[in-house]
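Visitor: Hi! Could you walk me through this structure, piece by piece?
Guide: Gladly, let's have it on screen and start with a sheet.

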Amino acid sequence: MQQLISQGAEAKIYKIQFLGDLAILKERLSKQYRLKVLDDRITTERVKTESRLLSKARQLGVNVPHLYYVDNNSIIMMFIDGIKLKDYLNNLEKEGKQVELQQILILVAQDIAKLHNGGIIHGDLTTSNILVQNQKPYFIDFGLSYTKVGFVEDFAVDLYVLEKAFLSTHPTLENEFQLLLEEYKKQQNKGKDVIEKLRQVRQRGRKKVAFG
Amino acid sequence: MNKQFLALGIEGSANKIGIGVVTKDGNILSNPRRTYITPPGTGFVPKETAQHHRNKILEVLDEALKIAQITLDDIDLICYTKGPGMAGPLSIGATVARTLSLLYKKPIVGVNHCVAHIEMGRLATQCENPAVLYVSGGNTQVIAYSKNRYRVFGETIDIAVGNCLDRFARLVNISNDPAPGYNIEQLAKKGKNYILDTPYVVKGMDMSFSGLLTFIEDVVTQFPQVKLPEIEGNDQAKRKNKQSSVVKKFSNPIPQDLSTEDLCFTLQETIFAMLTEVTERAMSHCESTDVIIVGGVGCNERLQEMVSIMVKDRGGKVGAMDERYCIDNGAMIAYTGILEYFSNGPTNFKDTFFTQRFRTDEVYVGWRND
């Protein structure tokens with residue numbers, strides 16, 4: 001039994017039965033436009049890092065799907081019965097549940113800080129790549145993640161990606177996002193430096209009006 | 001016969017100076033241009049490019065009017081590139097546009113160069129609402145329209161694709177005539193060996209090309225045979241090469257007989273795969289099926305091929321453009337100026353300056369209401 005639940009640009013996601021359990025099969029698509037050798041390299045690299053970082057993230061105490069099985073172009077992992085943070089936030093906003101909204105963002109901030117303290121940069125933090133189950137955030141899609149220790153630059157860029165995604169889908173929640181950054185600053189070992197760097201990263205996009 | 005509304009567009013943001021005459025419905029009456037071509041091993045410097053434009057602009061203007069069979073009195077609107085671009089070259093177009101506007105008492109509109117590419121692309125390909133891959137010497141952006149703005153979904157965080165290609169061409173003495181990118185493309189067709197270690201840097205929706213260029217520089221240092229012979233007597237081309245004492249270790253061996261062609265092939269395959277990947281991510285994010293490629297690098301047939309394979313998989317179509325629209329020209333400025341004029345009115349004369357930094361998403365797109 002295979003049920004296609006989503007097809008992104010990168011992979012097909014199936015809901016499957018694995019050893020009697022519900023599971024997720026993430027199958028990376030080979031890209032016809034790419035040179036075969038390059039495509040194979042990228043696919044294998046990304047499957048490898050993704051599975052390695054999934055288990056590392058779990059050791060750091062961040063909620064991620066458990067890893068069941070890995071091969072050259074696919075990963076089988078735990079099924080999470082939750083909804084996207086994007087939809088969760090929209091629902092809370094609509095119902096005016098301010099407290100829950102702030103709660104979840106604080107949890108998200110703490111988890112990102114945990115990942116960063118452990119040297120994991122997610123690489124594609126968006127509100128679609130965080131699921132919510134029982135009011136707890138689960139981080140998924142570590143396909144663009146990598147590890148690096150000691151560089152605030154990478155942490156700041158990671159937050160910047162989230163900020164852009166967050167504010168473009170939830171433009172009214174700007175203050176709440178500041179809350180997230182505040183909490184991150186407290187929890188991350190180099191939080192102050194990262195937030196400072198984030199300020200510089202924001203200025204960096206090309207051709208922005210910077211001065212004069 | 002009712003006289004048609006005519007606009008004159010002046011473009012001079014980089015190494016091309018072009019002037020076009022366009023009717024209100026986008027009919028191009030004339031579109032001549034001159035390109036400032038520098039010897040192999042060199043690039044175009046703002047000051048010299050401005051000199052080139054200054055020398056040519058009136059000649060191009062005469063030509064544009066002559067081909068269109070009109071005089072300046074027949075023109076209803078003067079448009080020029082306000083930015084982004086190099087300051088020196090931009091100032092020439094802006095100055096001439098302001099002068100003409102005052103002399104002939106015509107309204108004037110300053111146009112965003114990136115938006116002009118997009119609008120000309122939409123007109124030429126008849127794509128209503130495409131995702132836009134804008135790749136040129138100075139810009140690399142993946143753009144989609146939303147609520148009266150062209151929003152930048154992904155972009156380069158350091159150098160532009162065209163810049164990366166140009167600098168590579170300079171490094172190995174590839175000719176700048178007619179364009180470095182074109183010559184790289186021709187060489188790449190003969191390349192076979194792909195260097196597997198080449199960095200492939202996609203950060204979310206953004207891309208980075210500077211590390212890739214450094215990697216190629218290192219390869220060139222270790223395989224000096226890939227350099228084409230220098231042109232005799234060309235002092236400018238004698239640029240100092242970075243002599244790195246560190247011998248770079250490659251985890252996948254590079255064949256000893258590596259050729260210029262192989263290097264061009266590697267560079268193209270890597271860069272274009274990154275661009276296509278980010279475009280695909282943007283398309284999946286904003287659920288559009290069509291894409292247009294604009295900007296000078298959009299002329300590259302391998303890039304067009306890669307993007308169309310990707311788009312076909314998604315059941316859409318790609319409006320790849322021909323050279324006249326892809327490359328900087330005056331007609332696209334004139335056409336976009338007309339759109340602006342009829343939705344926002346003319347630009348206030350005191351605001352008819354030029355600016356090097358002018359984001360695509362700063363422009364209020366009043367002429368679209370979808």
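**A chat about the two chains**

Guide: This is a predicted model. In chain A, strand β6 pairs with strand β8 (residues 130-133) in the antiparallel sense, over two bridges.

Visitor: Which residue in β8(A) is the bridge partner of A:I83?
Guide: A:I83 has A:V132 as its bridge partner there. A:V132 also stands opposite A:P137, which belongs to β9(A).

Visitor: And how many bridges join β8(A) to β9(A)?
Guide: Four, and the two strands run antiparallel. β8(A) and β9(A) make a hairpin with two residues between them. In the turn, A:N134 has a positive phi of about 50°.

Visitor: What's the strand order in the whole sheet?
Guide: The order is β6-β8-β9 in chain A, an open sheet of three strands with antiparallel pairing. β6 (83-84) and β9 (136-139) of chain A stand at the edges; each has a single partner strand, so one side of each lacks a neighbour in the sheet.

Visitor: Which helix lies across β8 and β9 of chain A?
Guide: Helix α3 of chain A, residues 98-117, and the helix runs at about 40° to β9(A). As for the faces of β9(A), A:P137 and A:F139 are on the covered one, while A:K136 and A:Y138 are on the uncovered one.

Visitor: Zooming out, how is chain A divided?
Guide: Into domain 1 (2-78) and domain 2 (83-204). Their centres, taken over C-alpha atoms, are separated by 22 Å. In terms of contacts, 14 residues of domain 1 of chain A meet 15 residues of domain 2 of chain A. The domain 1 side of that contact has seven nonpolar, three polar and four charged residues.

Visitor: Where does UniProt put the coiled-coil region?
Guide: The record, an unreviewed entry, places the "coiled-coil region" at residues 170-201 of chain A. In the model, that stretch of chain A is 78% helix and 0% strand, and its end C-alpha atoms are 21 Å apart.

Visitor: Let's pick a residue. Where is A:V157, and is it buried or exposed?
Guide: A:V157 sits in helix α4 (residues 152-169) of chain A. A:V157 counts as buried because there are 22 C-beta neighbours inside 10 Å, and the cut-off for buried is 20 or more.

Visitor: What does A:V157 touch, leaving out residues up to four places away in sequence?
Guide: A:V201 and B:K203. A:V157 and A:V201 are 44 residues apart in sequence, with their C-alpha atoms 6.8 Å apart in space.

Visitor: Since chain B came up, how many residues of chain A are in contact with chain B?
Guide: 21 residues of chain A, in contact with 22 residues of chain B. On the chain A side, the elements giving two or more residues are α1 (36-59) and α4 of chain A. The largest share is four residues, from α1(A). By class, the chain A side divides into ten nonpolar, four polar and seven charged residues.

Visitor: And how is chain B itself divided?
Guide: Domain 1 of chain B takes in 6-121 + 327-362, and domain 2 covers 129-316. The centres of these two domains of chain B are 28 Å apart, taken over C-alpha atoms. Here, 17 residues of domain 1 of chain B are in contact with 29 residues of domain 2 of chain B. The domain 1 side has eight nonpolar, eight polar and one charged residues.

Visitor: Which residues does UniProt list for "binding site"?
Guide: The unreviewed entry lists B:H113, B:H117, B:Y134 and B:D328. They span 216 residues in sequence, but no two of their C-alpha atoms are more than 12.1 Å apart, so they gather at one spot.

Visitor: Where is B:H113, and what is B:H113 in contact with?
Guide: B:H113 is in helix α3 (residues 113-125) of chain B. B:H113 counts as buried, with 26 C-beta neighbours inside 10 Å. Apart from neighbours within four places in sequence, its contacts are B:S13, B:T81, B:G83, B:P84 and B:G85.

Visitor: Last one: where is B:D328?
Guide: B:D328 lies in the loop between α9 (323-326) and α10 (330-344) of chain B. B:D328 counts as buried, with 26 C-beta neighbours inside 10 Å. With the neighbours within four places set aside, B:D328 is in contact with residues including B:E11, B:S13 and B:K16.

Key
Residues are numbered from 1 along each chain as its sequence is written. Chains are lettered from A and ligands numbered from 1 in the order in which they are written. This is a predicted model: local features need pLDDT of at least 70, side-chain atom pairs count only at pLDDT 80 or more; totals for chains, interfaces and linings use all residues. Domain bounds come from an automatic or database domain assignment. Two residues are in contact if their C-beta atoms, placed from the backbone, lie within 7 Å. Ala, Val, Leu, Ile, Met, Phe, Trp, Tyr, Cys and Pro count as nonpolar, Asp, Glu, Lys and Arg as charged, and the others, Gly among them, as polar. UniProt positions are given in the numbering used here, feature names are shortened, and annotations may be inferred rather than shown by experiment. A residue is buried if 20 or more other C-beta atoms lie within 10 Å of its own, exposed if 12 or fewer, and partly exposed in between; C-beta atoms are placed from the backbone. Two strands pair if DSSP finds at least two bridges between them. Axes are lines fitted to C-alpha atoms, for helices over the stretch in contact, and angles run from 0 to 180 degrees between N-to-C directions.
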